[in-house]
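Biologist: Please take a close look at the enclosed space inside this model, and then follow the chain outward from there. State the cut-off behind each term as you use it.

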Amino acid sequence: MSETANYSGKQYLTWQDITNLVSKLLGQLNPNDFDCILAVTRGGMIPACLVSEATDQRNILTAAVMFYTDVGETIKDPVFLQFPSDSLLYGKRVLIVDDVWDSGKTAVAVRERIKMAGGHPRVAVLHYKPLKSQFPGDAPDYYAAETDAWIVYPWDPVQGWTTLGQGASQA
């Protein structure tokens, strides 16, 4: 069941938009406050890479998390397909990077799992949707913009950049 009617519309972003958002995010971060970056797949991989390059942070972990199944469609709770072992998180100051805090379920689940492993997590996202968040009084530690739109990032195939076996001009 699609919930796109609950969004104010779709907002298509360009790579320049991403550059501007990451710059805003970087202005809030002190790279010395973190021992590693944890990229939440799939949407957080590119923002995490950009943050890691800009901060020269080379210790990058990934958490493969499945939650969205389609535009506005989710499963009940995030499913961890892959997550760093506790030994990689224990005592570490971890910057969790994802593209968006919508309901907040993914970010909160990842943050709590890091805490359970003895790590010290902070959450950074490009977009925060306070009207959609299911965690009143909780929010990402860092975010570049607030919105209530459905965001279509430039790495989303719906932007027309690829169809298997075809270039962008053919898709």
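Modeller: The largest cavity holds about 60 Å³ of space, where a cavity is a set of points, on a 1 Å grid over the protein atoms alone, at which a 1.4 Å probe fits but cannot get out, and the volume is the space filled by probe spheres set on points that are joined across faces, edges and corners. The model is a predicted one, in which local features need pLDDT of at least 70 and side-chain atom pairs count only at pLDDT 80 or more, while totals for chains, interfaces and linings use all residues. Residues are numbered from 1 along each chain as its sequence is written, and side-chain values use heavy atoms, with hydrogens and water left out.

By this rule, the count is one cavity of 30 Å³ or more. Its lining, meaning residues with an atom within 4 Å of a point, consists of Leu29, Pro31, Phe34, Ile37, Val51, Thr55, Gln57 and Leu95. By class, six of the lining residues are nonpolar, two are polar and none is charged; here Ala, Val, Leu, Ile, Met, Phe, Trp, Tyr, Cys and Pro count as nonpolar, Asp, Glu, Lys and Arg as charged, and the others, Gly among them, as polar.

To place this in the fold, the chain has four helices and eight strands, which are DSSP runs numbered from the N terminus (H or I over at least four residues for a helix, E over at least two for a strand). Along the sequence they follow the pattern β-α-β-α-β-β-α-β-α-β-β-β. Of the 171 residues, 43% are buried, a term that means under 20% relative accessible area, with exposed meaning over 50% and partly exposed lying in between (1.4 Å probe, protein chains only).

Helix 2 and its flanking loops deserve a closer reading. Pro47 lies in helix 2 and is buried, because its relative accessible area is 0%; its C-alpha is 9.3 Å from that of Leu21, although the two are 26 residues apart in sequence. Arg42 is in the loop between strand 2 (36-41) and helix 2 (45-55), and the peptide bond that joins Thr41 to Arg42 is cis, with omega about 0 degrees. In the loop between helix 2 and strand 3 (60-70) sits Asp56, a residue other than glycine whose phi is positive, near 60 degrees. Both features merit a check, because most residues other than glycine have a negative phi and most peptide bonds are trans. Asp56 has a relative accessible area of 53% and is therefore exposed, and it forms a salt bridge with Arg58, the closest N and O atoms being 3.5 Å apart; a salt bridge is a side-chain nitrogen of Lys or Arg within 4 Å of a carboxyl oxygen of Asp or Glu. Both partners, Arg58 and Asp56, are exposed.

The structure holds seven salt bridges, and Arg111, Glu112, Lys115 and Asp138 are linked in a network of them. Asp138 and Arg111 meet at 2.5 Å, N to O; because Asp138 lies in the loop between strand 6 and strand 7 and Arg111 in helix 4 (residues 105-116), this pair ties together parts that are 27 residues apart in sequence. Arg111 counts as buried, at 10% relative accessibility. Lys115 and Glu112 meet at 3.5 Å, N to O, and, being three residues apart in helix 4, they are separated by about one helical turn. Lys115 is partly exposed at 43%, as is Glu112 at 33%.

The loop between strand 6 and strand 7 (142-146) also contains Ser133, which is buried at 16% and has its C-alpha 5.7 Å from that of Asp102, 31 residues away in sequence. His120, in strand 6 (residues 120-128), is partly exposed at 47% and lies 6.0 Å from Lys92, C-alpha to C-alpha, with their positions 28 residues apart in sequence.

On the surface, Met66, Val79 and Leu81 form a nonpolar patch with about 250 Å² of accessible area together, the areas coming from the Shrake-Rupley method with a 1.4 Å probe and, for residues, only the protein chains shown counting as cover. Patches are made of residues with over 30% relative accessible area and no salt bridge, like charges being joined within 9 Å and nonpolar side chains (Val, Leu, Ile, Met, Phe, Trp, Tyr) within 5 Å. Leu81, from strand 4 (residues 73-82), is exposed at 57%.

Technical notes: 1 Å grid on protein atoms, 1.4 Å probe; cavity = no way out; pocket = protein on both sides within 12 Å on 5 of 7 lines; lining within 4 Å.
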